Amino acid sequence: MLKLFTKDFWDVIAGLILRNKIGILISILIITVLFGTQWKNMRFTYTEANLLPDDHEVNIIYNNFLKTFGEEGNLIVIGVKDSSLLSVDKLNAWNKLSDSFKKYDEVETVISVKDLQKLVKDTLQQKFTLKPFIKDSIASLAQINELEDELFNQYPFYDNFLFNKKTKTIRTIIYLDKGIVNTSARKDFIINVLEPKVKAFEETSNLKVHISGMPYVRTLNAQLIVDEIVWFVLAALLVTSIIFFFFFRSFRATLISLVVVSIGVMWTLGILGALNYEITVLTALIPPLIIVIGIPNCIFLINKYQHEVKLHGNKVKSLQRVITKIGNATLMTNITTASGFATFILTESTLLKEFGIVASLSILAIFILCLLIIPILYSFLPYPKDRHLEHLNKRWIGGFVTWMERMVKHQRIAIYSVALLLLLVSIIGIYQIRITGSLIEDMPKKTEFFEDILFFEKEFNGIMPLEFMIDTKRKQGVMKLSTLKRMDELQELIVEIPELSKPISVVDLVKYSKQAYYNGNTKFYQLPTSQENSFILSYAKNSTSSVDLLKNFVDSTGQYARITTFMKDVGTDKMERIEENLQTKIDKLFPKEQYNVTITGKAFVFQKGTKYLVKNLAISLSLAIFLIALFMAYMFRSARMIIISLIPNLIPLLVTAGLMGYLGVPIKPSTILVFSIAFGISVDDTIHFLAKYRQELQANNWKIKVSVYGALRETGVSMFYTSIVLFFGFSVFTISSFGGTVALGALVSITLLFAMLSNLLLLPSLLLSLERSIANKEVLREPTINIIPEEDETNPEF
């Protein structure tokens with residue numbers, strides 16, 4: 001039986017490819033068309049990224065909250081900070097704009113200044129009734145003055161809800177139908193209804209309107225992701241093709257490479273559609289990633305073909321050697337790269353799992369496409385012209401290789417000193433890394449909707465919901481005065497925290513009811529005494545109307561209550577301190593035998609997700625290192641070689657982590673990907689170098705020095721080419737408007753640049769310095785996988 005990955009195996013593969021050229025091309029075309037039919041299943045995410053496993057305690061608590069009270073992220077706010085709004089015409093126009101949204105099915109309710117109502121005591125019928133502040137429209141400036149006095153001074157219930165009395169900022173709240181919040185209908189309403197109406201109002205009133213709320217932010221954020229996919233793909237194609245052409249000076253080679261990676265992108269999109277995965281901020285990166293990772297495969301294959309043609313001029317033999325000698329090496333390097341991405345599958349985070357699955361499958365797909373398409377297309381094309389082979393003799397490349405050889409030969413102490421210094425400095429920097437997690441931190445800072453987020457943070461202390469759910473463990477337990485007092489004390493603590501907005505709950509309604517019972521006297525806006533509570537509640541029970549805003553703050557059984565506040569964009573560290581303070585107060589106020597109080601909300605879940613990912617970073621990276629170490633052991637069967645191969649690839653990761661600390665780049669969901677991705681890619685150079693090194697050892701009778709320098713000269717050029725392509729390819733992500741994507745691109749680029757220098761300088765230096773320890777012929781003579789087969793002078797006919 002044919003042994004897998006041996007020379008005979010790859011001879012058979014080469015024969016199959018070159019004998020069945022037309023059939024393979026037709027098959028690729030059919031598969032591409034089939035993947036194209038799956039594009040219709042691609043859909044863009046309409047929810048925030050959930051970084052936690054479905055069975056995580058924080059997710060379970062959040063889902064229980066949603067079952068009890070429904071979707072909490074369905075609020076859109078529009079606001080104006082302009083004193084001229086408080087004029088007859090403009091305030092009427094503002095109220096008319098707010099009313100215009102009520103007729104749409106996507107809207108559950110709208111609360112504007114016009115919708116605010118006074119709670120009034122009806123002594124005769126012993127009940128509360130609702131009386132609007134504004135009946136129909138504003139008729140005079142005197143009415144506006146009266147309205148200002150009532151809202152800003154007489155009814156604290158509404159303070160900081162629809163207005164900020166200090167800055168006179170006024171807003172309208174639009175509650176979307178909870179059923180459409182996480183569907184495409186939300187986008188249609190925002191893009192086709194909300195924005196055009198607001199823009200028309202701005203033009204007629206000459207007022208600046210700010211729009212925010214999580215549904216609005218998520219919609220515009222998702223639209224930017226969609227737009228950037230196209231730009232990323234085009235930019236990646238442009239940058240990599242320019243660099244490729246600069247190296248090869250061949251339109252033919254450049255065009256072939258672009259065809260291969262373009263088909264790879266089509267397959268990637270097909271995989272996304274076939275698996276029914278959503279396009280998120282992470283999966284949107286995969287198509288350009290495939291271009292960046294696929295081009296180095298093309299470089300190795302085309303460079304080898306041109307080298308062979310120049311060596312002996314036999315095209316068939318050259319194509320056969322491209323497959324047999326480079327196929328195995330590129331397979332191993334693509335497997336290690338895919339492994340770096342595949343480690344995310346084990347994080348138990350759905351978002352990262354999907355990213356890992358699609359990325360690893362796409363990397364293996366691009367390898368197959370490169371191995372099939374490039375030799376087949378070149379078999380139909382004429383011999384490369386002399387000008388296409390000139391790059392093989394470029395003096396500056398020769399000078400670069402000579403410099404590396406000289407450094408390794410004469411400056412090993414300097415290389416070790418620099419590596420040690422970088423390591424020490426990086427460790428210091430690592431201790432300065434901070435961890436952060438925020439729903440809005442990575443959002444584009446220069447967009448109008450981000451500026452509006454900051455506006456509402458300043459005026460109303462944020463837009464991201466933070467929820468407290470109180471389980472009284474008995475029906476109607478919420479309305480017990482003892483429970484209300486405990487909730488009130490908790491709300492007082494929330495008010496004192498500057499990062500949180502004024503909370504709202506059933507407590508505020510009860511206070512408002514007492515104020516109404518005492519004929520609107522402001523000093524009675526407080527919880528009733530036990531004696532007052534009984535007859536105030538009797539008034540409330542006789543009332544047929546209720547304030548829509550507070551319907552959702554107590555469940556139908558009266559057992560569960562919620563306190564809703566909104567938080568500013570705060571980092572994980574600050575949020576943990578806030579949570580600790582709140583939890584201490586909760587534990588003191590609510591005895592566990594009587595109450596079960598939980599903190600939840602979208603912002604809170606995201607914060608916890610970031611912390612979860614950080615904890616799993618070490619596991620994910622360790623797994624990547626372990627898997628790649630297994631590959632090295634399987635290929636070389638040498639524990640010493642595993643250690644030597646890992647050192648040059650771990651140091652660049654530490655240097656990057658140190659840079660993050662010094663530059664203030666935090667660990668967050670986007671930057672957390674850097675290490676596994678970069679390690680999986682950078683180790684490819686190590687595999688190529690060590691594979692050639694082993695071959696040189698056999699050819700040079702196990703003379704280590706001669707073999708190291710030979711491997712350096714042979715692989716240095718290709719490693720330089722591919723590293724430059726990867727550096728500039730990942731740099732494409734820095735054009736993103738998303739901060740996390742920019743950081744990801746820049747950090748991976750820097751890591752790969754350090755990895756190239758480490759593999760070209762530190763790795764050969766280690767081999768030379770430790771030559772006595774590793775000069776074991778039995779260890780390296782017969783590897784399990786013969787990555788680069790021995791020279792074969794046969795000339796098979798295909």
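## Strand 12 and its burial

In this predicted model, strand 12 (residues 596-600) has 4 of its 5 residues buried, so the strand is largely enclosed by the rest of the structure. Buried means under 20% relative accessible area, with a 1.4 Å probe and protein chains only. Strands (E, at least two residues) and helices (H or I, at least four) are DSSP runs numbered from the N terminus.

The model is predicted: local features need pLDDT of at least 70 and side-chain atom pairs count only at pLDDT 80 or more, while totals for chains, interfaces and linings use all residues. Residues are numbered from 1 along each chain as its sequence is written, and side-chain values use heavy atoms, with hydrogens and water left out.

## The sheet

Strand 12 belongs to an open sheet of 3 strands in the order 11-10-12, with antiparallel pairing. The edges are strand 11 (560-567) and strand 12, each of which pairs on one side only. Two strands pair if DSSP finds at least two bridges between them. On average, neighbouring strands of this sheet are turned by 15 degrees against each other, direction ignored.

Between strand 10 (residues 464-471) and strand 12 there are 5 bridges, in the antiparallel sense. Glutamate 467 has threonine 600 of strand 12 as its bridge partner, and isoleucine 470 has valine 597 of strand 12.

## Helices on the sheet

Helix 16 (residues 481-496) packs on the sheet and touches strand 10 and strand 11; its direction makes about 5 degrees with that of strand 11. Helix 19 (residues 572-589) also packs on the sheet, touching strand 10, strand 11 and strand 12, and its direction makes about 165 degrees with that of strand 12. Contact means heavy atoms within 4.5 Å. Axes are lines fitted to C-alpha atoms, for helices over the stretch in contact, and angles run from 0 to 180 degrees between N-to-C directions.

## Cavities

There are 9 cavities of 30 Å³ or more, and the largest has a volume of about 180 Å³. A cavity is a set of points on a 1 Å grid over the protein atoms alone where a 1.4 Å probe fits but cannot get out; lining residues have an atom within 4 Å of a point. Grid points are joined across faces, edges and corners, and the volume is the space filled by probe spheres set on the points.

The largest cavity is lined by 18 residues, with Pro296, Ile681, Asp684, Thr722 and Leu726 nearest its centre. Helix 9 (286-312), helix 10 (315-342), helix 22 (674-699), helix 23 (704-731) and helix 24 (739-769) are the elements giving two or more residues to this lining. Helix 22 supplies the largest share, 5 residues.

Terms used
Buried < 20%, exposed > 50% of the residue type's maximum accessible area, 1.4 Å probe, protein only. 1 Å grid on protein atoms, 1.4 Å probe; cavity = no way out; pocket = protein on both sides within 12 Å on 5 of 7 lines; lining within 4 Å.
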